[in-house]
Each structure stands twice: as structure tokens, then as C-alpha cells.
Amino acid sequence: MIKTNTIQDSFFTNQLITAASSLSRLNHAALAFSHIQNPNAFVYNAMIKASVHCGHPFHGLLCFINMLRNRVFPTSYTYPSLIKACASVSVMGFGEGVHGRVWKTGFDSHVYVQTALIDLYSKLGRVGDARKVFDEMPERDGFAWTTMVASHVRVEDMSSARVLFDEMLERCIANAATWNTMIDGYARLGDVESAGMLFDQMPARDLISWTAMINCYCQNKRFGEALAVFDEMSINGVSPDAVTMSTVVSACAHLGALDLGKEIHYYVMRNGFDLDVYIGSALIDMYAKCGALDKALVVFFNLREKNLFCWNSVIEGLAAHGDAEKALAMFSKMDSEKIKPNGVTFVSVLSACTHAGLVEEGRRRFSSMTQDYSISPGVEHYGCMVDLLSRAGLLDDALELIRSMKLKPNSVIWGALLGGCKLHKNLEIAKVSVNELMVLEPNNSGHYNLIVNMYADINRWGEVADVRAIMKQLGVEKTSPGSSWIEIERKIHTFVASDKSLAASGEIHLFLAELYRQMKLDVYLPELASAL
């Protein structure tokens, strides 16, 4: 095109820039643009859109400035990409200037230009201005309504979003994107019931709808229900994507559902999913949490590309399984490959040191986190260090570390110290810890019971009575009974202590009673045999 001078044809250059943009080749688009002597508005529009699409919004803004300098007048198609560029770089002054030019040039009646302005103000946190643009629109399509709904959802104003959504239903203009936006908004606020109700009412669900609902349950730690939705999705013949699969694998990890996790892994391989860093890190985490560390390592080493999430998953898995030496070796290998660790990485590293009792190594890594990697320690890091020192019997050092914290210690930190006091029978520091815990978690029976047991161990029954009296006065009871679950034929069955709501509860208790009777018989059988 350059040799034949076809590049000077605005139509062909426009097509070339658009094609290069679709392939994310901005350099090729820029090269074509640089060879045209007098680009018209269509070519400028294509170049601005390509810049924004390829993640270079500043380049798009610069292109617009050059367009004005060359006295090429923008069209209505110029502004949506330009406004999107302003939103991407959070340039409010430039965005307001663009809004003024839209109004001045008479494009304020164009639906897609106004919709882009709503999105701009929304992303910059100015929802009031976004709503003003929306209310003043002479005409609105479904996309404009959905963008305004999303603006309210973004600032967690679900009541305003719901009013608009209900009006859209009355006007019969709500589409799948609108429903999905509302479901996502309720999920972020933890309102699972409202999200589920909308999901059930949807006239038609797309992949995003199913994934949003699965993600909603996972975000709110209702992993069994997330897997149930995935099963329903499969029955309805909807094919998942990589985002869905990584979320489902994560649910399996939290439930310890190894067999189901293996099935999901097989599904991923059978259906040609690219084992990318997202699915890969989820599989590593799932296998490690389910006790199949060898499989987690196989997945890790088979990944073509490994990002920080993958490294964090494998280090955490090794640390959780008590293999501190391999966890620290993996951290060193990650460091040698120039992958910069984050705070999550160091939580795993310090946990590894805690499980193995590597006090000096833990101290060194804790200092290195700040000195070598400029990562400020968070509550989780202090919690690991207090746990490490407490388990090693260095309770004075642990208490000193807590008192030196710039952050406010939480119940996990004081609980770790109390656990160390119980282990090493240090009643004085235990009382300090319990006093703090009574303020932070006054209704947690576990802390009271621990100090009661410590007093009982040394026959200080008066103090035992005092603590129990305080518990009775405050109405402290065991509010979180023990629970467990098993996986049978791809279904998760949960059992809670003293729970009789299960349909087979009577049969289970009869079986346990018979099992207990048989165990008692087994104890006496050897004696009976010897007597004979």
C-alpha cells in the first residue's frame, strides 16, 4: 500500500487500522496512520479507537489533540472512544472539556455519546453528574439504562439501581446485561438471597449470568451451592469459559472435594481449555487443599506460563503441608526468576517457618520483607510471627512484638499468643491475652474455656469459678458447633454437631449407637478369649 500510494486512500487506511486494532497490533496501526498525509475524521476516529482498544488511552488523547490542531472536525463517532480514554486515565479536566465540546457541537442528543459520558462520570466517582446526564437525555436505549444501573451498582447504591431496574422491567427494555449487573451488585454486598431471586426470575440466562451466580456463592463462602449452580448450568447445556472453571475449581478447593475437583480438571483438559495462569493457580490450590500435593506440583511444573498467583499457590500448598524446606526453596526459585513477591507470598513463607519451628529463619524473612522487598507487614504477617514465637516458647518476645505493632492487633494475634501460653503453661501472659480478647470477641467461648482449662490444670478452682461466672453473666455459650463434610458421588454432605434436621438423622444415630456397642464388645473380647 505504501509503494502503490494506496495508503493515501482514507477508506483503505481506515480498514487497515481497524484490522490491526482487532489483532492488538497498535504499532502496525500507528505505522499506517503515520504514512497518510491528510487523514480525515474517519481515519482519526479509527486511530483513537485503536489506541483505546489496545490499552494506550494517552495515545488516543494525543491523537485527538492533533486532530483539532489539523482542523479536522470530530464526528459523533469520535467521542465514545475519546470519553472512554478519559475514563481509563482518570483525567477529569480533559473529560469535562470533552463534555463541553460535545454540548457545543450539538452531539449531546446522540444516545451513544451521552451513554459514554454517563460511564465516564461513574468511573470517576461522580454518580450525581452521571445521573444528571442520564436524566437530561432526550432519548435512551437499553444500553444507556444499563450503564446508569451499573453506575449506581458501582457505588453500592442498590436501592437506586433497583428503582431503575424495575422501571426497565415495566418498559420491557431490561436485557441480560442489566440482570447480570444487578446480580453482581447484590453479590458484592453479600445479599445472596436477592441475587438468587433475580437469577431465578431471569427470562433467559447467558454464560455471564451463570458465572455471576456461581461467583456470588463463592464470594459469600457458600461453595456447595456454587457447585450446584454449575451442575444446573451443565444440565442446561451452557458451556463454561475459563473464568467459570477457575471459580468452580476454587469452590472444590474450599470444600475439599477432591473427586469432583479431578472431574473438573478432566473436563478442562477434555474440552480444550488453555491451562492458563488462572485455571492453573486454581487447580494448584485445589489439589493442595485437598491433600494431593503431588498433583498440585505436577500442574505447577506443567504450566507454560507462571505468574505470581501460581507461585503463591504452590508455596502456600507446600507450607500448609509442613514442607518448609521445599516452600522456602520454591520462594528462592521464584526470586531467581525475577517474580516479585507480594504480601500473600510472605504469609505463606512465614507460615512455613511456623509449621517447621524455624524461628531464626522466620525472623530473617520477616525483616527481609520490609528491607529487601519494601512490603509493609500487615496483621497477617504479625500473626504468623506471633504464632511462630509463641509455639517456640518465646512468649515475652511475642508480646513485645505485639506491643511494637503500628497496626491494631486483632483477635487472631492475641489468640495465637494465648495458644502459646496454654502450650507452655504461662498463666501471666495468658491473662493479658484473654483481657484483650474479652474486648475484641466478648462472645467467643473458646478463649474463656482455654483460660479455664489453664486454671484447672494447676487446681486454681476459685479462678475457674470466677471465669465461668463471667461467662454466665455475659451469656457466653458455644455458638459454633463442630462440623464436618464428606463427598459421596459428587455431592457434598455436611454434618453439624447436635443437628437433627437431616432426613436420615434417626438412622445415623441408630447406626452410631450400634457402632458404639460393637466397639465396647471389641474391648472385652480379648479378656473373654483368655478366660476360655
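**Group meeting: a walk through a helical model**

Let's start with a pair of side chains: Arg162 and Asp166 form a salt bridge, and their closest N and O atoms are 3.1 Å apart. Before I go on, please keep in mind that this is a predicted model. Both partners sit in helix H10, which covers residues 158-171, and they are four residues apart, about one turn of the helix. How exposed are they? Arg162 has 26% relative accessibility, so it counts as partly exposed. Asp166 comes out at 31%, and that makes it partly exposed as well.

That pair is part of a wider set, as the structure holds 22 salt bridges. Let me show you a few others.

Go to Lys289, please. Its salt-bridge partner is Asp285, with 2.7 Å between the closest N and O atoms. Why are these two separated by about one helical turn? Because they are four residues apart in helix H17, residues 277-289. Here the two ends of the bridge fall into separate classes. Lys289, at 41% relative accessibility, is partly exposed. Asp285, on the other hand, is at 14%, and since buried means under 20%, Asp285 counts as buried.

Next, Glu463 and Arg460. Their side chains meet in a salt bridge with an N to O distance of 3.1 Å. Glu463 is partly exposed at 26% relative accessibility, and Arg460 is partly exposed with a relative accessible area of 29%. And if you like networks, here is one: Glu193, Arg222 and Glu225 are joined by salt bridges that share partners.

While we are in this part of the chain, have a look at Asn459. It lies in the loop between H27 and helix H28, residues 461-474. What is unusual about its backbone? As background, most residues other than glycine have a negative phi. Asn459 is not a glycine, yet its phi is positive, at about 60°. At 53% relative accessibility, Asn459 counts as exposed.

There is another example at Lys425. This residue is not a glycine either, and it has a positive phi of about 55°. You will find Lys425 in the loop between helix H25 (411-424) and helix H26 (427-440). Is Lys425 buried or exposed? With 65% relative accessibility, Lys425 counts as exposed.

Now back to H27, which spans residues 445-457 and contains Ile451. In contrast to those loop residues, Ile451 has a relative accessible area of 3%, so it is buried. I also have a distance for you here. Ile451 and Ala251 are 200 residues apart in sequence, and their C-alpha atoms are 36 Å apart in space.

On to the pocket. How much space lies in the largest pocket? About 900 Å³. The lining is made of 34 residues, and those closest to the pocket centre are Pro80, Ser81, Lys84, Ala116 and Phe143. Several helices give two or more residues each to that lining: H1 (10-22), H3 (41-53), H5 (78-89), H7 (111-123), H9 (142-154) and H11 (176-188). Which of them gives the largest share? That is H3, with eight residues.

Somebody usually asks about cysteines, so let me get there before you do. How many disulfides does a search of the whole structure find? Zero. Take Cys216: the nearest cysteine sulfur belongs to Cys218 and is 9.3 Å away, and Cys216 is in no disulfide. For scale, a disulfide needs the two sulfur atoms within 2.5 Å. Cys216 is buried, with a relative accessible area of 0%. Cys421 is in no disulfide either; in its case the nearest cysteine sulfur, from Cys384, is 18 Å away. Cys421 is buried too, again with a relative accessible area of 0%.

Last stop: the surface near the end of my list. Ile508, Phe511, Leu512, Leu515 and Met519 make a nonpolar surface patch of about 480 Å². Leu512, one of these residues, lies in helix H29, which runs over residues 505-531. At 47% relative accessibility, Leu512 counts as partly exposed.

If you want to follow along on your own screen, I would suggest three places to look: the salt bridge between Arg162 and Asp166, the largest pocket with its H3 contribution of eight residues, and the nonpolar patch that includes Leu512. Thanks, everyone, and I'm happy to take questions.

Terms used
Residues are numbered from 1 along each chain as its sequence is written. This is a predicted model: local features need pLDDT of at least 70, side-chain atom pairs count only at pLDDT 80 or more; totals for chains, interfaces and linings use all residues. Side-chain values use heavy atoms; hydrogens and water are left out. Patches are made of residues with over 30% relative accessible area and no salt bridge: like charges are joined within 9 Å, nonpolar side chains (Val, Leu, Ile, Met, Phe, Trp, Tyr) within 5 Å. Accessible areas come from the Shrake-Rupley method with a 1.4 Å probe; for residues, only the protein chains shown count as cover. A salt bridge is a side-chain nitrogen of Lys or Arg within 4 Å of a carboxyl oxygen of Asp or Glu. Buried means under 20% relative accessible area, exposed over 50%, partly exposed in between (1.4 Å probe, protein chains only). On a 1 Å grid over the protein atoms alone, a cavity is a set of points where a 1.4 Å probe fits but cannot get out, and a pocket is an open set with protein on both sides within 12 Å along at least five of seven lines; lining residues have an atom within 4 Å of a point. Grid points are joined across faces, edges and corners, and a volume is the space filled by probe spheres set on the points.
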